[in-house]
Structure formats: structure tokens, C-alpha cells
Amino acid sequence: MPSAQTHDAITVISGAILTPITYYAYLEYTQLSPSTALACSLWLGGAHLLSGIMFSPDLDIDSAVDDRWGIFFWLWRPYMWLVPHRSFWSHSLIVSPLLRLGYFAFVVYSLLFVVSWGLSRIGLTPPAFHREFIGQIHTLIVTRPNEVWAFVIGFCTGSAAHTIADWLVTKGYWLLGRYGRRLRRRYRDHQ
């Protein structure tokens with residue numbers, strides 16, 4: 001498989017190509033104002049980069065990607081234990097990025113719940129942070145549906161850039177091997 005640096009370069013280049021194309025597509029094929037089209041294309045491009053670099057499909061293994069989370073790498077350990085590497089759940093085009101996004105939202109919700117519960121145990125009456133979190137997400141979905149859709153699509157395309165690169169290398173290696181060619185470097189190890 002390609003290295004983490006190669007995947008990052010693919011993500012950045014594909015995001016740089018996808019963002020202006022998205023802007024012009026929004027202007028051409030929707031009734032959105034230019035400012036909303038710009039906002040949606042920037043949300044899509046930002047989500048593409050976020051998904052490809054921080055929420056990479058390689059979060060299911062101990063790799064350079066989970067090291068990017070610094071001291072919060074432990075957030076991804078349960079995901080790593082539950083999701084088999086290179087499976088449908090980690091390397092599909094739509095399901096796997098949405099699974100990682102949902103997993104992250106669940107972890108944030110759980111942490112906010114534990115903080116609220118812990119503060120209430122010591123006699124403080126904190127706001128229900130976990131309920132506020134869900135309320136803010138709901139409000140965002142209701143008030144900014146175009147931007148939310150742009151973010152979700154960008155999140156899927158960022159992960160897809162990684163997955164498609166893996167598929168091309170795997171299939172390319174298989175095709176070359178089938179026709180008698182040998183590769184000098186085998187892309188089995190991720191960084």
C-alpha cells in the first residue's frame with residue numbers, strides 16, 4: 001500500500017482539484033448564491049482534507065495516522081480493536097467514513113456525558129453538555145443543510161481518495177504479478 005505521506009499527498013492534491021470544481025458546479029447546477037456556493041465548496045474541501053488526513057481509513061491499525069491525534073490516540077483504540085483492517089467497515093467508499101464520523105461523535109458525546117455526570121457527583125450542577133452537543137448538531141443540520149451535505153460529501157471523498165489509491169496499488173500489483181512482472185517494492189507496510 002502507499003505510505004502515509006503518499007496518501008496525504010493524494011488527499012491534498014485531490015482536495016485542491018475538487019474544491020474549485022465543486023464551487024463552479026454549485027454555481028452552474030444549483031440555485032445557491034455565490035457566497036453560499038463558496039461556503040459549501042470550502043466545507044467540502046475542508047472535510048475532504050480532514051477525512052483523508054485525520055480520519056483516514058488506516059485508523060484501524062497502529063499507524064502514522066493515529067499518531068497524529070497526539071495524546072488523544074487512545075480515542076481510536078476501540079475502533080482499531082473492533083474494525084478489521086482493509087475490510088468493508090474500514091475501506092469502503094461511503095460506509096466507512098460515515099462509520100468513523102459516527103464513532104467520533106459517539107466518543108465526544110460519551111466524554112461530555114461523563115464530564116457532566118462527574119461534575120454532578122461532586123455537587124456541581126453543570127449544563128448537560130452531551131444534550132447541548134446533540135442539540136447543536138441538530139440545529140446545524142436544520143439551519144444549514146447545504147453546508148452539512150457538502151461536509152458529508154467531502155468527508156466521503158477524502159476517505160475515498162485513500163481507499164481508491166489502496167485499491168489501485170493492490171489491483172495493479174495483482175495484474176502485474178498475473179502477467180509475470182515482479183515489483184521490486186511491495187506495498188504491504190503502512191507507516
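Colleague: How many salt bridges does the count come to?
Modeller: The structure is a predicted model, in which local features need pLDDT (the predictor's confidence in each residue, from 0 to 100) of at least 70, side-chain atom pairs count only at pLDDT 80 or more, and totals for chains, interfaces and linings use all residues. Side-chain values use heavy atoms, with hydrogens and water left out, and residues are numbered from 1 along each chain as its sequence is written. A salt bridge is taken to be a side-chain nitrogen of Lys or Arg within 4 Å of a carboxyl oxygen of Asp or Glu, and by this rule the count comes to four.

Colleague: How many residues apart in sequence are the parts that the pair of R77 and D62 ties together?
Modeller: R77 and D62 form a salt bridge, with their closest N and O atoms 3.9 Å apart. R77 belongs to helix α4 (residues 77-82), whereas D62 sits in the loop between α2 and α3 (64-67), so the pair ties together parts whose separation in sequence is 15 residues.

Colleague: Is R77 buried or exposed?
Modeller: The words rest on relative accessible area, found with a 1.4 Å probe and protein chains only, where buried means under 20%, exposed over 50%, and partly exposed in between. D62, the partner in the salt bridge of 3.9 Å, is exposed because its relative accessible area is 56%. R77 has a relative accessible area of 18%, and therefore counts as buried.

Colleague: Which residue meets R77 in a salt bridge of 2.9 Å, N to O?
Modeller: Outside its neighbours within four places in sequence, R77 has contacts, meaning heavy atoms within 4.5 Å, with D62 and D66. The 2.9 Å salt bridge, N to O, brings R77 together with the side chain of D66. This pair links distant parts of the chain, eleven residues apart, with R77 in helix α4 and, in helix α3, D66.

Colleague: Where is E147 found?
Modeller: The side chain of E147 meets that of R144 in a salt bridge of 4.0 Å, N to O. R144 is partly exposed because its relative accessible area is 46%, whereas E147, at 12%, is buried. Apart from neighbours within four places in sequence, E147 is in contact with T36, A39, C40 and W43, and E147 itself is found in helix α8.

Colleague: How many helices does the protein have?
Modeller: Helices (H or I, at least four residues) and strands (E, at least two) are DSSP runs, numbered from the N terminus. From that terminus on, the elements run α-α-α-α-α-α-α-α. There are zero strands, and the number of helices is eight.

Colleague: How far does helix α1 reach from its first C-alpha to its last?
Modeller: Helix α1 covers residues 4-29, which is 26 residues. The expected span of a helix is 1.5 Å times one less than its number of residues, and for α1 this gives 38 Å. Among the buried residues of α1 are A4, H7, D8, Y23 and Y26. The reach of α1 is close to the expected span, at 35 Å.

Colleague: What separates the C-alpha atoms of D58 and A4?
Modeller: D58 is found in the loop between α2 and α3, and it is buried because its relative accessible area is 4%. D58 and A4 are 54 residues apart along the chain, and their C-alpha atoms are separated by 8.9 Å.

Colleague: How many residues does the largest nonpolar core have?
Modeller: A nonpolar core is a set of buried Ala, Val, Leu, Ile, Met, Phe, Trp, Tyr and Cys residues joined through side-chain atoms within 4.5 Å. In the largest one, the members include F55, W69, W76, Y103 and F155. A second, separate core of seven residues includes Y23, Y26, C40 and A150. The number of residues in the largest core is twelve.

Colleague: Which element has the highest mean pLDDT?
Modeller: The mean pLDDT of the protein is 87, and 88% of its residues reach 70 or more. Where pLDDT is low, the predicted coordinates should not be read in detail. Among the elements, the lowest mean pLDDT (84) belongs to helix α8 (residues 145-178), and the highest (96), over residues 34-53, belongs to helix α2.
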